Amino acid sequence: MDDVVIVGGSFAGLTAAMHLVRARRRVTILDTDLPRNRYAEGAHNVLGFDGAPPAAIRAAGLANVLAYPTARHVVAEAVGIGGVADDFVIRTLDGGLFPARRLILSYGVADQFPAIPGFAECWGKTVVHCPYCHGYEIADRPLGLLYSSPASLHVTALLRDWTDNLTLFSNGLDLPDGEVARLEASGVAVLEGGVAEIVHSGGQMTGVRMADGREIALGGMFAHPKVKPSARLHEDIGIVTEESVLGPYIRVNDEFETSVRGIFAAGDLAGPRHSVNGAIQGGSLAAVGAHRSLLGFT
Ligand SMILES: Cc1cc2nc3c(=O)[nH]c(=O)nc-3n(C[C@H](O)[C@H](O)[C@H](O)COP(=O)(O)OP(=O)(O)OC[C@H]3O[C@@H](n4cnc5c(N)ncnc54)[C@H](O)[C@@H]3O)c2cc1C
């Protein structure tokens, strides 16, 4: 039996694995190789790897982990979860069974793209969610912000450092009272009405076509699609979740333990703020939490 099985072997999961194998614990990482930022050519704000392809960063991390003799990496989709602390079991789609004393869930979230033609093709290239991650690459162009909830409005002031030509697209949703006037007074153009298509060539957007046929030239757009957890193991075993404007996430305590004793969670799955660095930090803290739990400290 493993000390810990980690479900999801990306930034959070591999970081957790690193801590635990260095504590000489037996760890299996289950992974389907579909990290959330796989659409982007490069990841940013990751020290030592700025602009490197996400797959290259993960490959380097996996090689680090597998250098330790108690690490095992299995490419498999976890579909079943059962048991209690000291006697958990994860079942994979291909029928594998992986018993473990503790579990760390780090299977991330999946973005739910709006049904706008061109959105998926531009995602991570010129349609981006985070200005710190990808704003530099599209700076100084006419940019859009696709409104999805009042949370979108908080970003408009921030985006000034990347463009002075910003248009908010309401995409057919009602903006809160007084917002149109406030935005326009602050130099942000507002276009109400639906967005019919993102016009692009190979993911490089050149504009949007509105439902009424107008075409607006743009060099990029910020958008914040809803997310949902990439698997439902946490639901199946009754782990408590919280709701953010983007979607559900697992609630964890200071030890990064979930509401089910012995199951820890980290990364995008375990909080409303999403970044590689946040996932790395969460993976680190969840590993320490799981280790302390194995030692009976908690
Ligand atoms: C387009 C885009 C670009 C981004 N760019 C940046 C950036 O430049 N800088 C930055 O800091 N952040 C960036 N982010 C955010 C960043 O990608 C996430 O915060 C980060 O990937 C979260 O890491 P994680 O380990 O929690 O989850 P993920 O990296 O999403 O990894 C989850 C892993 O779990 C696996 N998995 C899922 N389900 C199962 C299952 N049932 N069984 C086994 N394995 C499973 C997946 O295959 C995947 O490998 C970007 C996000 C997007 C959408």
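Here is a short tutorial chat about reading this predicted model.

Q: Let's start with the overall build. How many helices and strands are there in the chain?
A: Begin by counting the pieces of secondary structure. In this chain you'll find eight helices and 19 strands.

Q: And how do I judge whether the chain is as compact as a globular protein of its length?
A: Set the radius of gyration beside what the globule rule gives. Here the radius is 21 Å and the rule gives 19 Å for 298 residues; those values are close, so the chain is as compact as a globular protein of that length. For the outline, look at the C-alpha trace, which spans about 60 × 35 × 35 Å along its principal axes.

Q: What share of the residues count as buried?
A: The idea is to ask how much of each residue can still be reached, with buried meaning under 20% relative accessible area. By that cut-off, 51% of the 298 residues are buried. As for the outside, the chain exposes about 13800 Å², and carbon and sulfur atoms supply 52% of that area.

Q: Which contacts should I look at to see how distant parts of the sequence meet?
A: Take contacts between residues at least 6 apart in sequence, then see what share joins residues at least 24 apart. In this chain that share is 57%.

Q: What about charge: how many positive and negative side chains does the chain have?
A: Count each set, then compare where their centres sit. There are 24 positive and 32 negative side chains, and the two centres lie 8 Å apart.

Q: Can we zoom in on one residue? Is Ser-284 buried or partly exposed?
A: Check its relative accessibility against the cut-off. Ser-284 comes out at 19%, and buried means under 20%, so this residue counts as buried. Ser-284 sits in helix H8, which covers residues 276-294. Beyond its neighbours within four places in sequence, Ser-284 touches Thr-15 and His-19.

Q: And His-73, is that one buried or partly exposed?
A: His-73 has 25% relative accessibility, so it counts as partly exposed. You'll find His-73 in strand E3, residues 71-75. Setting aside neighbours within four places, its contacts are Ile-29, Asp-31, Leu-62 and Leu-66. Leu-34 is 39 residues from His-73 along the chain, and their C-alpha atoms are separated by 15 Å.

Q: Last one: how many disulfides are there?
A: To count as a disulfide, a pair of cysteine sulfur atoms must be within 2.5 Å. The count here is zero. While you're looking at cysteines, Cys-130 is buried at 13% relative accessible area, and Cys-133 counts as buried at 15%.

Conventions
Residues are numbered from 1 along each chain as its sequence is written. This is a predicted model: local features need pLDDT of at least 70, side-chain atom pairs count only at pLDDT 80 or more; totals for chains, interfaces and linings use all residues. Side-chain values use heavy atoms; hydrogens and water are left out. Helices (H or I, at least four residues) and strands (E, at least two) are DSSP runs, numbered from the N terminus. The radius of gyration is taken over C-alpha atoms; the globule rule is 2.2 Å times the number of residues to the power 0.38. Buried means under 20% relative accessible area, exposed over 50%, partly exposed in between (1.4 Å probe, protein chains only). Contact means heavy atoms within 4.5 Å. Accessible areas come from the Shrake-Rupley method with a 1.4 Å probe; for residues, only the protein chains shown count as cover. Lys and Arg count as positive and Asp and Glu as negative; His and the chain ends are not counted. The place of a charge is taken as NZ of Lys, CZ of Arg, CG of Asp or CD of Glu.
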